[in-house]
Amino acid sequence: MTDGGHFEPVQVHFDDLDAMGLLHNSRYALLVERAVSAYWHRLGWAPDPTRSSFRDVFLAVREFKVTYHVPITGASEPLVHFWIERIGRTSALYGFRVLSADRSVVHAEGYRVNVNLDPGTLRPAPFSSELRAAAEPLLSPAGASA
């Protein structure tokens, strides 16, 4: 996917770098997490159910895959482009790319699967209609029919 979804700027700090001055491999997941969280927080999501605009507050990452292409060197402000490939009854598959600020370089790409959990049982729970409606702008054309 190259169109649609959302582009979120993120920051790479000096302490995110490894001994060679490259963004440490584990930090790519953190950049994606920060980008997705910032997007949903602006829509009113919060981990505290008394403050959240959504009933779905207990989401867990079930799977995360990243392929690295071009290292990020030094502190910078890349973009995370993300979208929802498909949303099922209890889980959603996000696609993502970590891009240079000018969008000309793909540093990494991959996907992550989030599962909505019932906080009392820690078992998968269906997404609310409110969350589904809020997720629509992120859906890829194939995911909209899932």
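Author: A salt bridge is a side-chain nitrogen of Lys or Arg within 4 Å of a carboxyl oxygen of Asp or Glu. The structure holds four of these salt bridges. This is a predicted model, in which local features need pLDDT of at least 70 and side-chain atom pairs count only at pLDDT 80 or more, while totals for chains, interfaces and linings use all residues. Residues are numbered from 1 along each chain as its sequence is written, and side-chain values use heavy atoms, with hydrogens and water left out.

Reader: Why is the pair of Glu8 and Arg42 called a salt bridge?

Author: The closest N and O atoms of Glu8 and Arg42 are 2.5 Å apart. The limit is within 4 Å, so the pair counts.

Reader: What makes Glu8 count as buried?

Author: Buried means under 20% relative accessible area, exposed over 50%, and partly exposed in between (1.4 Å probe, protein chains only). Glu8 has 8% relative accessibility, so Glu8 is buried. Arg42, at 52%, counts as exposed.

Reader: Why is Arg27 called partly exposed?

Author: Arg27 has 27% relative accessibility, which lies between the two cut-offs, so Arg27 is partly exposed. Arg27 forms a salt bridge with Asp16, with the closest N and O atoms 3.5 Å apart. Asp16 is buried, at 4% relative accessibility.

Reader: How do you know that Glu33 forms a salt bridge with Arg112?

Author: The closest N and O atoms of Glu33 and Arg112 are 2.7 Å apart, so the pair is within 4 Å. Arg112 is buried, with a relative accessible area of 4%, whereas Glu33, at 32%, counts as partly exposed.
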